[in-house]
Amino acid sequence: MAENSKNKQARGRRKRKRPDAQSVLNLNIAGKIVVVSAIILLLFGFLVVRIARIMRDNGDQYKKQVLSQQEYDSVTIPFRRGSITDRNGVILAHSERVYNLIVDSYVLTDEEDTIEPTVMALNECFGLDAAELRGYIRDNGNSRYHIFKKEISYDERTAYEEYVENYNNEINEFNKGSEIKRPKINKNGVWFEDQFKRSYPNGTLACDVIGFTTKDGRGQYGLEEYYDSTLSGSNGREYGYLLDENALERTVVPAVNGNTLVSTMDSYIQRVCEEKIKEYNEEHADEYREGEMGSDNTGVIVMDVHTGEVLAMASYPYFDLNDPGNLDILPEELQSYLLEKAGWKDSKDDEDKNDEDEDDEEEEESSKEKEQSYQERLEACRQKASQSLWKNFCISQSYEPGSVGKTFTVAMGLDSGTVHDNDVYNCGGYLTFGEGDNATTIRCHNRYGDGPLTTKEAVEKSCNVALMLMGQKIGKERFLEYQKNFNFGLRTNIDLAGEMRTSSLVFNKDTMGITELMTSTFGQGFNVTMIQTAAAYCSLVNGGYYYKPHMVKQILDDDGAVVKNIEPELLRQVVSEKVSEQMIDYGIGVVEEGTGKKARPAGYKIGGKTGTAERSGQGKRDYTVSFMGFAPADDPQIVVYVVIDRPNTASQGENATRYACVICREIMTEILPYMHIFMTEELSEEEKAELEERGRLPQDQEIEENEEGGESEESPEEEEEEKEVINLYIDPNSGYAIDPFNGEYLDPKTGEPINSDSGIFQNSDGDTIDITVLKDDEAEEKED
Amino acid sequence: MSNEKRTRGGFDYQLFFVTLLLMILGIVMIYSTSTYRAGEDPYSFVKRQVLAEILGSIALFTIYFIPYSWLKFMGRAPLRYIVLGVSLGLLLLLLVPALSHTAYGATRWLNLGFFNLQPAEVVKIAVIFFVAGYISEKPERVNTLKGYLTCLAVVLFCGLMVYSISTNLSSALIIMGIGVIMLFLSCNDWKIHLLVAGIGAVGVYLFVNWIINSSMDVNNVDYHFKRIMVWHDPSAYVLDGGYQTLQALYAIGSGGITGKGIGKSVQKLSAIPEVHNDMIFSVVCEELGLVGAVVVLILFVLLLARCMMITLKAKDNFGKLLCAGVMMHIAIQVILNIAVVTNTLPNTGVSLPFISYGGSSATFLLAELGLVMKVAKE
């Protein structure tokens, strides 16, 4: 200003002497004000020039600068991956919306006094380190985007927002009546970004079937991989674009969420299957071979015979879907076994053979390297080991079906008319076929021979010789044709990722000689997968109809509307209904009279077929044992197929087969009542006791004690007395049951009451238990 | 155009319409710049501005219709001191926290419930009144060093008060500028002018030089000193306030000759802080280009020219000085604002008369124009 006035002075001086007519009084300002005005005009001109120069000199650069500051790059709006539910709507996999917490330092530093309350709120609600936050905001005042916490749940976010709301309201109240204005929490300085996180609420349940997703949201294994495109939606986008030279337009394209799968699985049945095979494997760990579980693999498939729907598909070992690479949930023994199989050698102390030369020279240094490489190798092996778990045993591993395959041979014979129900086969313990040098002898498992057998008996006794004789009648051509019809050698095309191809693992016209035909008749020499066998067996017991096995019955969209119903797909009729009836009859025979007696659950009539196969190409003797069961016998509804790969039981070979039967029995005992299939058979005393133990005894059945309970799981031995069943309530405070007669506590575990002798049987329901108590007078007598 | 007619007391339509045009342009630009950040009601800023302008118009016409003698009376000895005293009193009220309102790190507003008053604006009009009264009472006394310095001292004191209480350097400079120029117009003794100018020039030169050359840490220097350093090199001090200046330059630069079209500014969206306020001219440049900027400046030239004419035609010294003071006020503010926006001067926070958003400024400028029109009428 002073400079300006100096100028004005200089200019004004020249015009000073001009006479001023306008001055009314003695004040003469006219000249000077003209001068000042001129200067103002000059300054205006100068400013216009200045503006023009900025435009001319820096116009293009600034234009670019302005555009580059705009966010016309696009922002992705993530889609939500569809859920997977079981047939009853129980959620097996779903994507939760989670949030990333973003701190905008730029906004916060703009209103500096709001930093402190905002930082405190973040500290309070998310446990973020206040000092770190303060430091970050102070040091990065220009940062607009920094993720401070990931995967915040909706509840946490709402809690924070409520906190902010309450706090700011309080401050508003306070500020109204106060001279000192206290700062509020800066709402704009902190915001949340959407994200989705895949979670599997049931952890390990149906892990092999469901599969998991990678960090970038791609499905791996199982349904997640097979239905990846169905489950995936498409990302939305928010983007800006330049309309013409420099106008900016923003558009939002919303995300399309993925579709939901309704699986054919029943999570209860699935859970039962998994529990039973887990029990088996843990029980038989270390039994035959040290350091191994009950088997290398155990698989169970439960199928609905009339639709091809898979109700359960379980295998052991398992993994946690929420953390697929984590081996720690498995028993330690199994972990080390898996590591060993993955090529792990604990060679920390040994010289590493590959690096021997280096080791000689620099031993000290290499010890460190060794330690490092040890960790690396361990990690690599752990990865390899966990990868081996992800494969679904039921569809991705082949084995020789063993005697279960005999069922199919018999069905072929009956259906083609080459074998008849009333045929009699004589088993002398072995069969020699071929002539001269090609003569081959194959023994029956019973080396002393089974003697004369009807077709049914051949199945019941699982006689190899009888089956080979049948095979000779059927002939190679017919055998192969039927095998193809049963889908052996072909994929079932079940809707799961990773189904194995077995076309090279069965014989064809060129590769099948007489020996191959002979071994094939009793299920050796060719390979199958579990799902192939189970699906084919369904067709034998449902009237001869082969349904394509499937895992998903419905696809729903984001709003729950049906996009697609997946109907049962009938592919062909493989055998006639009459043959099917005969096969059911034979199957019943196996369980009633033959090798599968152990498989019958108490109170039910079922049918099935056992299987024992020697594992080929292993050098030593290993077995794959199995049991294929169907229930109920008169009108088969479900098929339960259990396969134990390399059982680690004390008894090997055929004797191990009973464990497959036992698993089947255990499973059926649980799931048949659940499926509303009623008991048809009389219960023996033993069975009653067993059911009672399980809490599965039908409600209307009277409880009777028995003395013969020789098995370990049997009920306490007691004299029969007049007893009644009453409901007992457990005191929620003490956990003791209360005697309804005198209100005193009873120990629900031992059944030891304070004043009476009684047997208490805990019901699995928990809070009410069935109890048999001696009548009061009896108890008194005893005390006396 | 007959000057006789006007001096005889016609309503000054030229002045009125030019002002009206400027205000309409101002409202359009405020709407354009403020909607994006106005929140729920896109017109909230516009509404408040229109309200302030209506209030200012009421003041304008009130002044226009009250007898001229009353105005002259207020310029007399006891009353002008009271006027000045009252305005300074309002300024002092800022020190009472309950009555004051703080924004952008400075306490410049008195909270009157429905309206935030900027006492500095009151002081400006009071100083114009005071100097006009002081000089016109005995015009010859400013030719003496004592009289001149007395008046100058009062002006400088008011300026310092504004600066120290409301930390508003720009208003302080404007007040001093108005006072000094009014004295310059009135005083015929060139020795005094030379003396004052010399001391002032040397002082300013030394001050600026010291700031620029000092190697002081930018974080430790005073708010205004910082701005001077930023002005010297805005891109080097982006984080310390250079950002606003730089973004304003980007806006001006990207406008081109004809601009991007009204409402199409990109910079107003978020880049420029206080864009509807001090920096509104940068968006005028961006949206309307060089053409728009020149049009705005021509409007101001017309306004100022009209004021000059009225000053020249005014019957008495009091009227002349009053008009001259108002004219200087507007001129200084326009020049300062545009100079700041174009980074010709350091960022001081001056609003552009009639165009920038700001209730107090609009109201009091209209009141001042009321004085001018009153003088024109006489």
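**Helices H15 and H17 of chain A.** I began in this predicted model with helix H15 (residues 404-416) of chain A and helix H17 (residues 464-474) of chain A, whose axes come within 10 Å and cross at roughly 40°. Angles of 65 to 115 degrees would count as roughly perpendicular and those under 35 degrees as roughly parallel, and I therefore entered H15(A) as oblique to H17(A). I also noted the hand of the crossing, which is left-handed where H15(A) passes H17(A).

I then looked up which residues make this contact: H15(A) contributes A:Lys406, A:Thr409, A:Val410, A:Met412, A:Gly413 and A:Ser416, while H17(A) contributes A:Leu467, A:Met470, A:Gly471, A:Lys473 and A:Ile474. Sorted by class, the contact of H15(A) with H17(A) has five nonpolar, four polar and two charged residues.

**Surroundings of H17(A).** Is H17(A) enclosed or open to the outside? I found nine of its 11 residues buried, so H17(A) is largely enclosed by the rest of the structure. I listed the buried residues of H17(A) as A:Asn464, A:Val465, A:Ala466, A:Leu467, A:Met468, A:Leu469, A:Met470, A:Gly471 and A:Ile474. Just after the helix I checked A:Gly475, which follows H17(A) and has a positive phi, near 85°.

**Nonpolar cores.** Next I looked up the largest nonpolar core, which has 129 residues, and I noted that A:Val300, A:Ile301, A:Val639 and A:Tyr641 have the most contacts inside it. Taking A:Val300 and leaving aside its neighbours within four places in sequence, I found it in contact with A:Cys273, A:Ile277, A:Ala312, A:Ala314, A:Val640, A:Tyr641, A:Val642 and A:Ile667. Another core, of 124 residues, lies apart from the largest one, and I noted A:Ile33, B:Cys187, B:Tyr250 and B:Leu365 among its members.

**A:Arg665.** I located A:Arg665 in helix H22 (residues 657-674) of chain A. Is this arginine buried or exposed? A:Arg665 has 26 other C-beta atoms within 10 Å, and 20 or more are needed for a residue to count as buried, so I recorded A:Arg665 as buried. Not counting residues up to four places away in sequence, I found that A:Arg665 touches A:Lys598, A:Ala599, A:Arg600 and A:Pro601. I also looked up A:Lys276, which is 389 residues from A:Arg665 along the chain, and noted that their C-alpha atoms are separated by 9.8 Å.

**Chain B.** I closed with chain B, which has 14 helices and three strands, and in which 54% of the 378 residues count as buried. Among contacts in chain B between residues at least 6 apart in sequence, I noted that 70% join residues at least 24 apart.

Note on methods
Residues numbered from 1 in each chain as written. Chains lettered and ligands numbered in written order. Predicted model: local features only at pLDDT ≥ 70, side-chain atom pairs only at ≥ 80, totals over all residues. Axes fitted to C-alpha atoms, helices over the stretch in contact; angles between N-to-C directions. Helix = DSSP H or I, 4+ residues; strand = E, 2+ residues; numbered from the N terminus. Parallel < 35°, antiparallel > 145°, perpendicular 65-115°, else oblique. Left-handed = near helix turned anticlockwise from the far one by under 90°. Contact = placed C-beta atoms within 7 Å. Nonpolar A, V, L, I, M, F, W, Y, C, P; charged D, E, K, R; others polar. Core = buried A, V, L, I, M, F, W, Y, C linked by C-beta atoms within 7 Å. Buried ≥ 20, exposed ≤ 12 C-beta atoms within 10 Å, placed from the backbone.
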